[in-house]
Amino acid sequence: MINFFKKKSPQKKIERSFGFHNIGFHGDSHLLSVVDYIVDNYQIEYFIETGTNVGSTLAYFAKTYPDIKCLSCEPDKTTYEHALQNTAGLKNVMVYNLLSQNFIKEVKQLNSNIFNKTTLVWLDAHSYGFEWPLKEEVSFFTENFPSLFLMIDDFKIPDITEFSYDSYKDQLCAHEYIKDDIKNTTYELIYPNYTEKTSFHHPLVGWGLYSFGNEIVFPDNLADKVKKAF
């Protein structure tokens with residue numbers, strides 16, 4: 001059982017933004033190193049993102065790893081069009097103008113073999129003007145992908161108050177909110193374990209990494225930047 005710190009961390013104000021950045025994952029260098037390590041060491045074949053926004057993370061990932069197939073969705077039409085422009089010419093990218101709930105159904109119909117591929121998922125569809133799909137997303141991915149690295153953006157980090165996180169209708173974007181929706185009960189949960197801001201354009205944003213079917217052993221240069229929840 002995770003005990004959440006009683007002092008409330010700063011919650012991120014949810015608002016629409018069309019600002020594009022050439023670097024993804026908020027520009028957090030420690031998070032970028034974690035992503036790089038997973039991709040380089042666990043034979044990732046697919047990157048699936050929910051909540052493209054204008055495509056900063058999607059474009060960054062697709063350019064960095066051109067051999068990995070990248071799928072993403074953005075429900076807002078105007079934001080989706082920005083994402084298309086920002087990922088134009090990237091042959092390994094497909095962006096859908098769909099709600100996440102409908103997008104994951106599209107993923108299921110796209111190619112049944114995708115479930116046999118080691119996949120990195122970035123859940124970020126808890127944003128401007130739309131119902132949270134987080135519980136449904138977690139249920140879908142953990143039920144269908146046995147070899148999965150599931151990352152959730154805007155996540156509540158226990159005991160570290162410097163990280164912002166999202167909330168919706170008095171629910172926190174946190175492990176306690178989704179734990180009953182995790183279908184594969186054998187997993188690791190990893191949190192950031194640092195307080196320094198490394199991004200040039202963004203404050204600290206919480207994230208959680210769930211690993212299914214793979215035990216992650218981080219190298220020395222990352223070991224002190226992460227912590228396992230249990």
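1. **Sheet order.** In this predicted model, eight strands build an open sheet. Their order is β3-β2-β1-β4-β5-β9-β8-β10, and the pairing is mixed. The edges belong to β3 (93-96) and β10 (226-228), each of which pairs on one side only. From one strand to the next, the twist averages 15°.

2. **Helix on the sheet.** Helix α1, residues 29-41, packs on this sheet. Its contacts there are with β4 (119-123), β5 (148-153), β9 (207-212) and β10. The direction of α1 makes about 15° with that of β9.

3. **The parallel pair β1/β2.** Strand β1 covers residues 46-50 and strand β2 covers residues 69-73. The two run parallel and are joined by five bridges. One register point to check: E49 has S72 in β2 as its bridge partner.

4. **The antiparallel pairs around β9.** On one side, β9 is joined to β5 by six bridges, and the two run antiparallel. Here L148 stands opposite F212 of β9. Strand β8 (residues 188-192) also pairs with β9 in the antiparallel sense, over three bridges. In that pair, L189 has Y210 of β9 as its bridge partner. As background, strands of a sheet pair through backbone hydrogen bonds, either parallel or antiparallel.

5. **Burial of β9.** How many of the six residues of β9 are buried? The count is six of six, and the strand is mostly covered. W207, L209 and S211 point one way from β9. G208, Y210 and F212 point the other way. Both sets are buried. Y210 thus appears twice in this note: it is buried, and it is the bridge partner of L189.

6. **Helix α2.** This helix spans residues 56-64 and is mostly covered, with seven of its nine residues buried. The buried ones are S56, T57, L58, A59, Y60, F61 and A62. What do they pack against? Their partners are the helices α1 and α3 (77-86) and the strands β1, β2, β3 and β4.

7. **E74, a buried loop residue.** E74 sits in the loop between β2 and α3. Is E74 buried or exposed? Its relative accessible area is 8%, so E74 counts as buried, the cut-off being under 20%. Leaving out residues up to four places away in sequence, E74 touches G51, T52, N53, T79, Y80, Y96, N97 and L98. Of these, T79 and Y80 fall in α3, residues 77-86, and Y96 falls in the edge strand β3 (93-96).

8. **L134 in α5.** L134 belongs to helix α5, residues 134-144. With a relative accessible area of 0%, L134 is buried, because that value is under 20%. Beyond residues up to four places away in sequence, L134 touches L123, H126, I152, C173, Y177 and I178. L123 belongs to β4 (119-123) and I152 to β5 (148-153). I160 is another matter: 26 residues along the chain from L134, its C-alpha atom is separated from that of L134 by 22 Å.

9. **Cavity.** The count comes to one cavity of 30 Å³ or more. About 40 Å³ of space lies in the largest cavity. Which residues line the largest cavity? They are H26, D28, T198, S199, H202, P203, L204 and V205. By class, that lining has three nonpolar, four polar and one charged residues.

Definitions and conventions:
Residues numbered from 1 in each chain as written. Predicted model: local features only at pLDDT ≥ 70, side-chain atom pairs only at ≥ 80, totals over all residues. Heavy atoms only, no water. Pairing = 2+ DSSP bridges. Helix = DSSP H or I, 4+ residues; strand = E, 2+ residues; numbered from the N terminus. Axes fitted to C-alpha atoms, helices over the stretch in contact; angles between N-to-C directions. Contact = heavy atoms within 4.5 Å. Buried < 20%, exposed > 50% of the residue type's maximum accessible area, 1.4 Å probe, protein only. 1 Å grid on protein atoms, 1.4 Å probe; cavity = no way out; pocket = protein on both sides within 12 Å on 5 of 7 lines; lining within 4 Å. Points joined across faces, edges and corners; volume = space filled by probe spheres on them. Nonpolar A, V, L, I, M, F, W, Y, C, P; charged D, E, K, R; others polar.
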